[in-house]
Amino acid sequence: KQREGEYVGSPPFGYKRNPDDKAHLIPLTEESVIVQKIFKWFLKDNMARSAIVRKLNETHIDTKMTRIRKKRGDKNIPKNYWCVRTIDGILKNQVYIGNTVSNKYLKTEKSQKHKRLPASEWKIIENTHPAIISKKDFFKVQEKLKEHSYHPLKREETVYANKLVCGDCGRTMIKFHVRTSWGQPADWHYYKCKTYTQFNYMDCT
């Protein structure tokens with residue numbers, strides 16, 4: 001179906017299924033405006049991805065999961081924050097320029113796990129649904145992402161795993177190696193709150 005331009009899976013943030021043709025997408029107005037803002041903030045306002053995360057969380061913009069739970073009528077909905085990985089996924093997703101991309105992953109026979117294929121092997125069908133972002137802006141963003149590539153510090157499991165907890169929010173602490181200016185691990189490390197690390201300072205100091 002994907003090879004024919006039909007969208008398989010849950011609609012991404014900013015889209016919903018076309019009620020007249022369930023195999024294709026149409027923009028979801030409220031969410032598509034937020035997608036456009038994310039691209040604008042990154043490309044034209046020169047905001048870092050972490051700053052975009054903070055802005056969305058501090059202004060209480062619901063994530064896709066929170067919106068789904070609210071629409072379902074769930075009670076006691078847990079907090080679901082924006083994070084850098086989510087913003088990265090939006091900025092790199094060709095769905096926002098109207099393309100359907102398939103063949104991103106290959107399931108290996110031995111491990112039965114999905115291995116991500118290089119972009120050169122993806123199958124791209126253009127103009128399968130209305131675009132939210134112009135192609136000109138999208139590819140400018142891709143160039144900017146290359147210039148500001150994100151390389152998180154290495155995280156390791158230790159004998160203290162799941163034992164050290166944050167005194168503020170109560171979540172576990174994560175071990176990080178300090179790296180030298182030439183990229184080699186230094187001889188010391190530190191621990192950082194999981195909430196503080198993943199959700200850009202929300203609910204933790």
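In this predicted model, the side chain of serine 32 has a polar atom sitting 2.9 Å from the backbone oxygen of threonine 29. Serine 32 belongs to helix H1, which runs over residues 29–43. Is serine 32 buried or exposed? With a relative accessible area of just 8%, serine 32 counts as buried, because the cut-off for that label is anything under 20%. Once neighbours within four places in sequence are set aside, serine 32 is in contact with Gly14, Pro27 and Ile132.

One of those contacts, Pro27, leads over to a pair of strands. Proline 27 is part of E2 and has tyrosine 15 standing opposite. Strand E1 covers residues 15–18 and strand E2 covers residues 21–27, and the two pair up in the antiparallel sense through 4 bridges. With 2 residues between them, E1 and E2 make a hairpin.

Further along the chain comes glutamine 94, found in the loop that links helix H4 (84–92) to strand E3 (100–102). Glutamine 94 has a relative accessible area of 14%, so this loop residue is also called buried, the limit being under 20%. What does glutamine 94 touch, not counting residues up to four places away in sequence? The list is Asn99, Val101, Ile124 and Phe138. With asparagine 99 there is a polar contact as well, made side chain to side chain at 3.0 Å. Glutamine 94 and isoleucine 133 are 39 residues apart along the chain, yet their C-alpha atoms are separated by 9.3 Å.

Notes
Residues numbered from 1 in each chain as written. Predicted model: local features only at pLDDT ≥ 70, side-chain atom pairs only at ≥ 80, totals over all residues. Heavy atoms only, no water. Pairing = 2+ DSSP bridges. Buried < 20%, exposed > 50% of the residue type's maximum accessible area, 1.4 Å probe, protein only. Polar contact = N/O pair within 3.5 Å; in protein donor to acceptor, adjacent residues only side chain to side chain. Contact = heavy atoms within 4.5 Å.
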